[in-house]
Amino acid sequence: MNRSLSALTINVGKAGVTDSLIEEVKRQLKANELIKIRFARTVASEKESYITEIVEKTNSKLIDLRGNVAIIFKKRS
C-alpha cells in the first residue's frame, strides 16, 4: 500500500495552503480517493491547522497522521 501511495503524495511547503494546493488535492482525491500529504519541516508546527483547513475545504477525512505525513480519504461520488 505504501508503494502505491508514493506517487500520490502532495507536498506542502513554506507557501502553506494555497488555492492551487486545494484544487490539486481535490483533483487527486477525485481520481484516487486516498492521498498522502507531506509537510516540509519548516511548516511542521503549522501542520495541524493546515490539515484542518485542507480537510474542511475538500470535504475529506483524515485517516492517519504520522510525523509530517497525513493520509486523507474522500469517497468517490
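Select strand 3 (61-66) and strand 4 (residues 69-73) in this predicted model. These two strands run antiparallel and are joined by five bridges. Together, strand 3 and strand 4 form a hairpin, with two residues between them. Within the turn, pick out G67, whose phi is positive at about 60 degrees. To see one pair of the hairpin, display L62 and the residue opposite, I72 in strand 4.

Keep strand 4 selected and add strand 2 (34-39). Strand 2 and strand 4 are also antiparallel, and five bridges join them. Two residues of strand 2 serve as landmarks here. I37 stands opposite A70 in strand 4, and K36 has I71 as its bridge partner in strand 4. As a general point, side chains in a regular strand alternate between the two faces of the sheet. Is strand 4 mostly covered or mostly uncovered? Strand 4 is mostly covered, since four of its five residues are buried.

Now show every strand of the sheet. The sheet is open, has four strands in the order 1-2-4-3, and its pairing is mixed. At the edges lie strand 1 (9-12) and strand 3, each of which pairs on one side only. From one strand to the next, the twist averages 25 degrees.

Next, bring in the helices. Helix 2 (19-32) packs on the sheet and touches strand 1, strand 2 and strand 4. The direction of helix 2 makes about 150 degrees with that of strand 2. Helix 3 (47-58) packs on the sheet as well, touching strand 1, strand 2, strand 3 and strand 4. Its direction makes about 160 degrees with that of strand 3.

Hide the strands for a moment and look at the two helices together. The axes of helix 2 and helix 3 come within 10 Å and cross at roughly 60 degrees. Because of this angle, helix 2 counts as oblique to helix 3. The crossing of helix 2 with helix 3 is right-handed. Which residues should be displayed at this contact? From helix 2, choose L21, I22, V25, K26 and L29; they meet I54, K57 and T58 in helix 3. The residues of this contact comprise five nonpolar, one polar and two charged.

Centre the view on V25, which belongs to helix 2. Is V25 buried or exposed? V25 is buried, because its relative accessible area is 0%, below the 20% cut-off. Restore the strands and display the residues that V25 touches beyond four places away in sequence: I10, I35, I37, I54, T58 and I72. Two of these have appeared already as strand landmarks: I37, opposite A70, and I72, opposite L62. For I10, compare the two kinds of separation: I10 and V25 are 15 residues apart in sequence, and their C-alpha atoms are 7.5 Å apart in space.

The tour ends with two loop residues. Select E33, in the loop between helix 2 and strand 2. E33 has a positive phi of about 70 degrees, although it is not a glycine. E33 counts as partly exposed because its relative accessibility is 22%. Then select N59, in the loop between helix 3 and strand 3. N59 is also a residue other than glycine with a positive phi, near 55 degrees. With a relative accessible area of 61%, N59 is exposed, since the cut-off for that class is over 50%.

Conventions: Residues numbered from 1 in each chain as written. Predicted model: local features only at pLDDT ≥ 70, side-chain atom pairs only at ≥ 80, totals over all residues. Heavy atoms only, no water. Buried < 20%, exposed > 50% of the residue type's maximum accessible area, 1.4 Å probe, protein only. Pairing = 2+ DSSP bridges. Axes fitted to C-alpha atoms, helices over the stretch in contact; angles between N-to-C directions. Contact = heavy atoms within 4.5 Å. Parallel < 35°, antiparallel > 145°, perpendicular 65-115°, else oblique. Left-handed = near helix turned anticlockwise from the far one by under 90°. Nonpolar A, V, L, I, M, F, W, Y, C, P; charged D, E, K, R; others polar.
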